[in-house]
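Trainee: Could you take me through one part of this protein in detail? I'd like a close look at the surroundings of the ligand.

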Amino acid sequence: MRQRWIFGDQLGPHFLGDERPDGDDGAERVLLIESQAVFRRRRYHRAKAHLILSAMRHRAAELGDRCDYVSVETFREGLARIPGPLSVVAPTSWAARDLVADISRQRDVAVLPARGFVTSQEDFATWADGRRTLRQEDFYRAVRRSTGVLMEGDEPVDGRWNFDADNRLPPPKGALTLGLPEPVWPVEDDIDAGVRADLDRWEREGVEFIGDAGPRLFAVTRAEALAVLEDFVTHRLPTFGPYEDAALVGDWPMSHSLLSVPMNLGLLHPREAIDRVVEAWDRGDVPLASAEGFVRQVMGWRDFVWHLYWHFGPDYVTDSNTLQAHVPLPDWFRDLRADDVRARCLATALAEVRERGWNHHIIRLMVLGNWSLQRGYDPREVTEWFTANYVDAYPWVMAANVVGMALHADGGRMATKPYAAGGAYIHRMTDFCRDCAYRPDHRVGERACPITAGYWAFIHRHEAAFARHPRMAQPVRGLTRLSDREQLLVQEEARGSSAP
Ligand SMILES: Cc1cc2nc3c(=O)[nH]c(=O)nc-3n(C[C@H](O)[C@H](O)[C@H](O)COP(=O)(O)OP(=O)(O)OC[C@H]3O[C@@H](n4cnc5c(N)ncnc54)[C@H](O)[C@@H]3O)c2cc1C
């Protein structure tokens with residue numbers, strides 16, 4: 001029998017046997033390789049290194065004698081230790097697929113189709129075939145139809161595909177938190193203690209990490225992942241839809257599921273999360289707007305960005321820079337020096353990354369992504385930054401989210417317009433502007449909001465191209481009406497790359 005080689009993001013039962021959660025018959029031997037060279041390639045957030053190592057070691061402990069757990073410098077070294085025929089589920093990055101292809105030229109390796117998503121790569125290829133533009137909404141509706149999730153025949157339940165009008169509310173006025181119970185936090189065990197000791201030792205030996213080494217906050221075992229799902233469905237799903245886009249300084253999880261880490265580690269199949277959420281709606285426990293909002297994120301967005309990673313090809317990240325963004329990341333940003341930043345939105349966002357390697361979608365997109373877009377940070381550097389710092393980041397999820405959505409570096413292949421916004425958006429959707437040194441409606445002067453001024457400087461930089469763009473022509477017209485345009489440009493030129 002072939003031994004199943006699993007990668008560190010293929011840790012759930014659906015990566016053994018066949019894809020069903022109960023497809024593992026317990027007979028197959030498993031190979032899991034802990035490659036330490038990975039941690040020398042870039043300066044990872046310490047919390048991320050901890051989560052990955054802890055997850056792999058917990059999985060090996062669960063599998064017991066069935067698992068050969070090999071701690072070595074490189075994958076090739078690990079493979080050399082275990083002879084015999086292997087099978088492997090197609091891994092999740094171009095680099096890992098190249099490695100597998102190379103190894104399978106030298107020994108007997110059966111490569112199985114990718115798993116861990118709602119749709120297969122063939123499903124996507126069939127859907128994409130012959131389409132001139134690939135719109136997420138069209139993909140999402142096709143997947144709803146093919147799976148029957150939240151459908152009545154060929155129509156969406158309640159007759160609506162989209163609940164944006166009910167969702168995307170600003171936070172409740174004056175609230176410091178959403179007032180929800182604390183999420184369930186994992187309890188660290190001996191395996192975590194071993195990981196901490198190893199990371200301390202590696203640091204002493206010269207491996208560099210960034211970020212705080214606080215308590216582990218995300219699920220690394222299947223049991224923890226199922227507990228997080230249950231907790232989310234019970235306590236936060238009801239308000240997930242309405243407050244999906246809102247942010248508060250004092251409430252970092254808001255109504256979010258915190259499931260991206262276990263889902264991307266392969267511990268939880270996205271379909272299990274979707275089915276549990278739909279069941280809660282079916283029972284009348286949560287509003288349809290929230291259930292649909294979650295299903296859209298997982299079945300729509302997560303699957304879509306996964307497929308785009310392969311569809312756009314291996315050079316997408318390195319070759320996309322339509323907006324000619326070449327500014328290197330300033331040190332304060334690269335090093336997560338939140339305390340050097342006076343703009344409260346950016347300071348909050350960077351502090352969250354430093355503390356836990358995570359923020360929710362709108363902070364990634366509309367604060368950190370928006371700022372990087374406005375300032376013309378190099379897309380490759382920004383992608384590298386997200387990859388190293390985020391606990392849920394893997395190459396497949398970076399491409400479309402960072403290069404396509406946040407930075408619009410691909411000339412609109414992913415998103416029809418740049419997600420650029422001024423301080424007014426942040427003021428509406430968050431409490432970040434409260435007690436900030438700047439005012440969102442000031443473009444120039446002492447209290448000029450760097451996000452607002454940066455927005456106009458960005459539109460100015462691309463004025464000629466945007467004037468011909470159907471969805472950007474309006475901001476260009478707004479720019480031509482600014483009475484303080486010259487003053488604003490001088491001010492932003494002087495700001496340069498310094499911390500705002
Ligand atoms: C610039 C940028 C960088 C991002 N980097 C990552 C990343 O490294 N890893 C990652 O998993 N997600 C990433 N996302 C998507 C999204 O921000 C995170 O999935 C989400 O914040 C994770 O928190 P959560 O599990 O509480 O999500 P929830 O808000 O509870 O959403 C539920 C689930 O939907 C999925 N999802 C939602 N939106 C997306 C999306 N755009 N792409 C992929 N999955 C999505 C995730 O699996 C998530 O767990 C990024 C988005 C942007 C704009």
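Mentor: Here is a walk around the ligand, then out to the core and the domains. Keep in mind that this is a predicted model, where local features need pLDDT of at least 70, side-chain atom pairs count only at pLDDT 80 or more, and totals for chains, interfaces and linings use all residues. Residues are numbered from 1 along each chain as its sequence is written.

There are 27 residues around the ligand, and H256, S257, S260, Q297 and A393 come nearest (near means a C-beta atom, placed from the backbone, within 6 Å). The shell splits into 15 nonpolar, nine polar and three charged residues (Ala, Val, Leu, Ile, Met, Phe, Trp, Tyr, Cys and Pro count as nonpolar, Asp, Glu, Lys and Arg as charged, the others, Gly among them, as polar). Helix 11 (288-312) is one of the helices giving at least two residues to it, and with six residues its share is the largest (helices are DSSP runs of H or I, at least four residues, numbered from the N terminus). Domain 2 (121-184 + 219-312) and domain 3 (319-495) each put in at least three residues; the bounds come from an automatic or database domain assignment.

Helix 11 turns up again in the largest nonpolar core, which has 128 residues (buried Ala, Val, Leu, Ile, Met, Phe, Trp, Tyr and Cys joined through C-beta atoms within 7 Å; buried means 20 or more other C-beta atoms within 10 Å of a residue's own, with C-beta atoms placed from the backbone). The largest share of this core, 10 residues, comes from helix 11. V367 is among the residues with the most contacts inside the core.

Key: Buried ≥ 20, exposed ≤ 12 C-beta atoms within 10 Å, placed from the backbone.
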